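Open the structure in your viewer and keep the selection tool at hand. The tour below goes from one selection to the next.

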Amino acid sequence: MTLRRLAALGPVVALFVACLFFAVQSPRFLTLGNFSLITQQVMVVGVLAIGQTLVILTAGIDLSCGMLMALGGVTMTLLAGKAGMSAPVAIAAGIGATTFAGFLNGMLVTRVKLPPFIVTLGTMNIAFALTQITSSSQTVTDLPALFTTLGTTVPVFGTRIAYGTVVMLLLYAIAWWLLRETAGGRHLYAVGNNREAARLSGIDTERVLLVVYTMAGALYGVASLLAVARTGVGDPQAGQTENLDTVTAVVLGGTSLFGGRGVIVGSLVGALIVGVFRNGLTLMGVSSVYQILVTGVLVILAVATDQWSRRNA
Amino acid sequence: MVEAQRVTIADNAPVVLQARGLRKQYGHVVALDGADFDVRAGEILAVIGDNGAGKSSLIKALSGALIPDEGEIRLDGAVMRFRSPADARAAGIETVYQDLALAPAMSIADNLFLGREVRSGGLAGTLFRRLDRARMQREAADALAALGVNIRSITQAVETLSGGQRQGIAVARSAAFARHVVILDEPTAALGVRESGMVLDLIRRVRDRGLSVVLISHNMPHVFDLADRIHIQRLGKRAALVNKTEITMAEAVGVMTGASLSV
């Protein structure tokens, strides 16, 4: 029991150790300005990771999350920038597009009964292609001011926090409450833990899965808005590294890839670990290709540790 | 084919759950071939039969997990049409499945209330289905204590329990919610002697509360120890329904395997 409690603190310890390491490596790491930068970089992966956590808790996986984010970003920026739609409508349409894509993932998983891995591998490629076709692989610029609002920062305790970071924290709080306090949250855990038991207990497991994939799609839409807000453009090349980053964040945060175990706040810590690694390696002058290499190693290490600790629990 | 069917009426307790002429066919395989079923109020009825005799199809039909092609199921005299396990449960029939339908990583309290969580009052309860955790934990502890299932903490994960304790949780869950019948599918199959004894005691206590217990088992000593009456299933039909006192183990096995056509 106490061992389990200690294991739950693992991600926080890992985050602390990573911070310590980079603080020693680079004098710029432990500055308020850099802290502000990390929180802004983390907000996109952080929001994506909420959706990814929900899916992984049901013993699924969502490989389409990064590409859906790119699709959402390009959709909303094209509608506002090129089609001249009003910004709020365009943003709603972008989030609507990713929500619908998430719903489609859910339908394929529950109705056609395909494995989530294959479904989202397919929709990942479809979303990527649609993103390239609609944008002609061109970055969308000249956006209305509303698009960048969430990227603007406000001073907090001597550092600057983006509105988007606040949105991310709010979404985590809501997800935490829903998972912990509601019947729907219990059902989600039950579906991931023992789907047959959940079904026999009278839980509509297919509905739970459909809702989860749809909610994940909506969250990717919000993440795409945050990404647009941060960069100021609609980028068809966005979301390339986010798939692995979100899975890494979720697993580093202590959620089991086999479903039914984990806490949502862990994913926030996991996203921070990923963010700190990317930021710290950049400060150390490590090129981005090596950063990708490090995240690859990180995710395998995290899954291996998870497996090992469960076997010895 | 076994044509002879003898139904012994020993006492006058009313029949709670009844089935007549249940039929279920999968392609060319006939799983149920006009099976009958009766369980009285407050009795333990053991269902025995060889593999492929249609025991589990019969139980699935009674618990809503299988929709029969033909036949009729009556609960307290009223005709029932179960389309899902949820229908049967809503009607007051609880089933404990062989592979223990529990979520191992979740707490005992969460498992007891899985699928029928108690919601808190107010807007959060109705709109977001917010849970009343304190009440669920209190009621779960009471339900287990009432059946003499000893556990340290209601919030511990089910996977930290022994096999017998898990079975105890599963039986207690069904007993806590059943209004008429508890169906137990091989409840002692995976347990050692001591743990089996614990579960058998628990099953008696469930009956002593006035519930009808349907016990599917391969374990003849357990069947003859526990059951009031025995339903012998063979070739998709009920071959016999007898009082435990009127039959020996050898005779029961004879009817089960078709070595003797009647008892």
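Two strands pair if DSSP finds at least two bridges between them. Keep this in mind for the strands below, and note that the model is predicted.

Start with strand E8, residues 181-185 of chain B. Is E8(B) mostly covered or mostly open? It is mostly covered, as 5 of its 5 residues are buried. In a regular strand the side chains alternate between the two faces of the sheet. On one side of E8(B) are B:Val181, B:Ile183 and B:Asp185, on the other B:Val182 and B:Leu184, and all are buried.

Next, add strand E7, residues 93-96 of chain B. E7(B) runs parallel to E8(B), and 4 bridges join them. Pick B:Thr95 to find the residue opposite B:Ile183.

Then add strand E9, residues 212-216 of chain B, which pairs with E8(B) in the parallel sense over 5 bridges. Here B:Ile183 stands opposite B:Val214.

Now show helix H7, residues 193-208 of chain B. Together, E8(B), H7(B) and E9(B) form a right-handed β-α-β unit.

Add helix H6, residues 163-177 of chain B. Its axis and that of H7(B) are 9 Å apart, at an angle of about 10 degrees. Angles under 35 degrees count as roughly parallel, so H6(B) and H7(B) are roughly parallel to each other. Residues in this contact include B:Val171 and B:Ala175 from H6(B) and B:Leu202 and B:Val206 from H7(B). By class, the contact has 7 nonpolar, 4 polar and 1 charged residues.

Finally, show both chains. Their contact takes 20 residues from chain B and 18 from chain A. On the chain B side, the largest share, 3 residues, comes from helix H2, residues 85-90.

Definitions and conventions: Residues are numbered from 1 along each chain as its sequence is written. Chains are lettered from A and ligands numbered from 1 in the order in which they are written. This is a predicted model: local features need pLDDT of at least 70, side-chain atom pairs count only at pLDDT 80 or more; totals for chains, interfaces and linings use all residues. Axes are lines fitted to C-alpha atoms, for helices over the stretch in contact, and angles run from 0 to 180 degrees between N-to-C directions. Helices (H or I, at least four residues) and strands (E, at least two) are DSSP runs, numbered from the N terminus. Angles under 35 degrees count as roughly parallel, over 145 as roughly antiparallel, 65 to 115 as roughly perpendicular and the rest as oblique. Two residues are in contact if their C-beta atoms, placed from the backbone, lie within 7 Å. Ala, Val, Leu, Ile, Met, Phe, Trp, Tyr, Cys and Pro count as nonpolar, Asp, Glu, Lys and Arg as charged, and the others, Gly among them, as polar. A residue is buried if 20 or more other C-beta atoms lie within 10 Å of its own, exposed if 12 or fewer, and partly exposed in between; C-beta atoms are placed from the backbone. A crossover is right-handed if, with the strands pointing away from the viewer, the path from the first strand over the helix to the second runs clockwise.
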